[in-house]
Amino acid sequence: MSQHSFILNGKKVTVDVEDDVRLLWVLRDILKVRGPKYGCGIDQCKACTSHINGKAFTPCSVSIKYIKPTDHITTIEGLAETAKGKDLHPVQEAWVKHSVPQCGYCQPGQIMAATSLINDVKKEHRKITDADIDTLRNVCRCNTYPRIRTAIKDAAKNM
């Protein structure tokens with residue numbers, strides 16, 4: 001076992017686990033953070049999408065040994081705190097406004113991926129396009145893709 005530390009949703013955490021344990025299991029099983037969902041475990045469905053240092057990534061595909069003590073991991077539970085002074089992040093607000101979720105299982109990953117995409121587009125000083133949204137690879141088995149697309153465009157206006 002090795003000790004690994006990182007910043008999770010704004011707070012320093014330390015865990016004692018084997019180096020090859022995937023971060024998703026550290027989050028869910030050890031730290032009891034349940035927002036990142038287990039879908040495929042091989043970076044295909046992206047249900048576990050979270051942020052590392054503000055960028056989308058899939059913790060099911062990253063071993064804890066690659067996480068540095070200075071890395072900031074943000075899950076859906078900490079996303080609202082990245083939007084100063086709000087109860088919900090603008091992407092979460094758009095999800096509610098447009099009634100995006102059906103079963104809801106993939107929605108944390110969808111929201112985290114959408115937030116990262118919108119932030120990337122904003123850094124380029126341009127508006128989000130359908131082509132940008134087409135780059136998202138998160139799987140939704142309920143097929144709420146039209147509402148996801150609408151919510152992303154709406155959220156981008158408020159970020």
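Begin by selecting Asp130 in this predicted model, where you will find a residue that is partly exposed, its relative accessible area being 37%. Asp130 belongs to helix α5, which covers residues 130–134, and two salt bridges can be followed from its side chain, one to Arg149 and one to Lys153.

Add Arg149 to the selection and look at the gap between the two side chains, where the closest N and O atoms are 3.1 Å apart. Arg149 sits in helix α6, so that this salt bridge links distant parts of the chain, 19 residues apart. Its relative accessibility is 26%, and Arg149 therefore counts as partly exposed.

Next, bring in Lys153, whose side chain meets that of Asp130 in a salt bridge with an N to O distance of 2.7 Å. Because Asp130 lies in helix α5 and Lys153 in helix α6, this pair ties together parts that are 23 residues apart in sequence. Lys153, at 32% relative accessibility, also counts as partly exposed. If you now select Asp134 as well, you have the members of a network of salt bridges, in which Asp130, Asp134, Arg149 and Lys153 are linked.

Stay on helix α6, which runs over residues 145–157, and move to Asp154. Here a salt bridge joins Asp154 to Lys97, with 3.1 Å between the closest N and O atoms. Lys97 lies in helix α3, and the pair links distant parts of the chain that are 57 residues apart. Are the two partners, Asp154 and Lys97, buried or exposed? Asp154 counts as buried, because its relative accessibility of 12% falls under the 20% cut-off, whereas Lys97 is exposed, with a relative accessible area of 57%. A search of the whole structure finds eight salt bridges, and those of Asp154 with Lys97, Asp130 with Arg149 and Asp130 with Lys153 are among them.

For the last stop, select His89, which is placed in the loop between α2 (76–79) and α3 (90–97). At 5% relative accessibility, His89 counts as buried. Which residues does His89 touch, not counting those up to four places away in sequence? Show Leu79, Ala80, Thr82, Ala83, Thr115 and Met159 around His89, since these are the residues in contact with His89 on that count. Finally, display the backbone of Val91, whose nitrogen lies 3.0 Å from a polar atom of the His89 side chain.

Methods
Residues are numbered from 1 along each chain as its sequence is written. This is a predicted model: local features need pLDDT of at least 70, side-chain atom pairs count only at pLDDT 80 or more; totals for chains, interfaces and linings use all residues. Side-chain values use heavy atoms; hydrogens and water are left out. Helices (H or I, at least four residues) and strands (E, at least two) are DSSP runs, numbered from the N terminus. Buried means under 20% relative accessible area, exposed over 50%, partly exposed in between (1.4 Å probe, protein chains only). A polar contact is a pair of N or O atoms within 3.5 Å; within protein, one must be able to donate a hydrogen and the other to accept it, and residues adjacent in sequence count only if both atoms are side-chain atoms. Contact means heavy atoms within 4.5 Å. A salt bridge is a side-chain nitrogen of Lys or Arg within 4 Å of a carboxyl oxygen of Asp or Glu.
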